[in-house]
Amino acid sequence: MSKSLESKKKEVADIKGLLAESQLALVIDYQGLSVADISDLRNRLREQGGSCKVTKNTLMSKAIEGDATWEPMNEFLSGSSAFILADAENLGGTVKAYQAFLKDRKKSECRGGVMEGKALTKEEVKALADLPTKEELIGQIAGSINAITAKIARSINEVPSSLARAVDAVKSQQEEAA
């Protein structure tokens, strides 16, 4: 049974809302995926702050019409499409979750994506998965800061220690001379 015009307009508005909150959209071919597979993908994405939207290409096309940020997605709209959306905070984690799903299921294929108004190829999407997540970057920065402060602390502690050794050496020389 086809959807009414009102429900289609509501879905287009919902899609526009999701896209407004997103920084990245991946277009995947979900043909051959079962309901359980899609549910598994959605759960993995949700854990990483992403989402998966299954909708008709015509409705997505209407939602991105006139929006320069998302219009490059038109080249990927063919066949059965699902859309993975991620905000700026969760880009890496969302793409990694999808890559892990692909590795486990091998039933889906990424056609490409759109980020900041630029169409991304499959290879560029895979490169996004290789980038460290925000948490990993924070950890790396914290580790670097910690290493610097540890070096400074050792250097500061070394000054009195070397002074004490020098005084002790002078004292030993004076005792031997006496």
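The following exercises, with worked solutions, concern a predicted model of a protein chain.

**Exercise 1. Overall form**

Task: Determine how many helices and strands the protein chain has, in which order they run, and how its radius of gyration relates to the globule rule.

Solution:
1. The secondary structure comprises six helices and five strands.
2. Read from the N terminus, the order of the elements is α-β-α-β-α-β-α-β-β-α-α.
3. For 178 residues the globule rule gives 16 Å, whereas the radius of gyration is 28 Å; the chain is therefore more spread out than a compact globule.
4. The C-alpha trace spans about 110 × 35 × 25 Å along the principal axes.

**Exercise 2. Surface and contacts**

Task: State what share of the residues is buried, what share of the accessible surface belongs to carbon and sulfur atoms, and what share of the contacts joins residues at least 24 apart.

Solution:
1. Of the 178 residues in the protein chain, 32% are buried.
2. The accessible surface amounts to about 11100 Å², and carbon and sulfur atoms account for 55% of it.
3. Taking the contacts between residues at least 6 apart in sequence, 78% join residues at least 24 apart.

**Exercise 3. The nonpolar cores**

Task: Identify the residues that touch the most other members of the largest nonpolar core, and the elements that give two or more residues to it.

Solution:
1. The largest nonpolar core has 23 residues, and those touching the most other members are Leu24, Leu26, Ile28, Leu41, Ile84, Val95 and Tyr98.
2. Two or more residues come from each of β1 (24-29), α2 (35-47), β3 (81-86), α4 (91-105), β4 (109-115) and α5 (122-130).
3. The element that gives the most is α4, with six residues.
4. Leucine 41 may serve as an example: leaving aside residues up to four places away in sequence, Leu41 touches Ile28, Cys52, Ile84, Tyr98 and Phe101.
5. Another core, of 16 residues, lies apart from the largest one; among its residues are Met60, Ile64, Leu77 and Phe83.

**Exercise 4. The two sides of α5**

Task: Establish which residues of α5 are buried, which residues on the other side are exposed, and what the buried ones pack against.

Solution:
1. Under the cut-off of 20% relative accessible area for buried residues, Val125, Leu128 and Ala129 in α5 are buried.
2. These residues lie on the same side of α5 because they cover an arc of only 100 degrees around the axis.
3. Glu123, Lys126 and Asp130 are exposed on the other side of α5.
4. The packing partners of the buried residues of α5 are β1, α4, β4 and β5 (118-120).

Conventions:
Residues are numbered from 1 along each chain as its sequence is written. This is a predicted model: local features need pLDDT of at least 70, side-chain atom pairs count only at pLDDT 80 or more; totals for chains, interfaces and linings use all residues. Side-chain values use heavy atoms; hydrogens and water are left out. A nonpolar core is a set of buried Ala, Val, Leu, Ile, Met, Phe, Trp, Tyr and Cys residues joined through side-chain atoms within 4.5 Å. Buried means under 20% relative accessible area, exposed over 50%, partly exposed in between (1.4 Å probe, protein chains only). Helices (H or I, at least four residues) and strands (E, at least two) are DSSP runs, numbered from the N terminus. Contact means heavy atoms within 4.5 Å. The arc is that of the directions from the helix axis to the C-beta atoms. The radius of gyration is taken over C-alpha atoms; the globule rule is 2.2 Å times the number of residues to the power 0.38. Accessible areas come from the Shrake-Rupley method with a 1.4 Å probe; for residues, only the protein chains shown count as cover.
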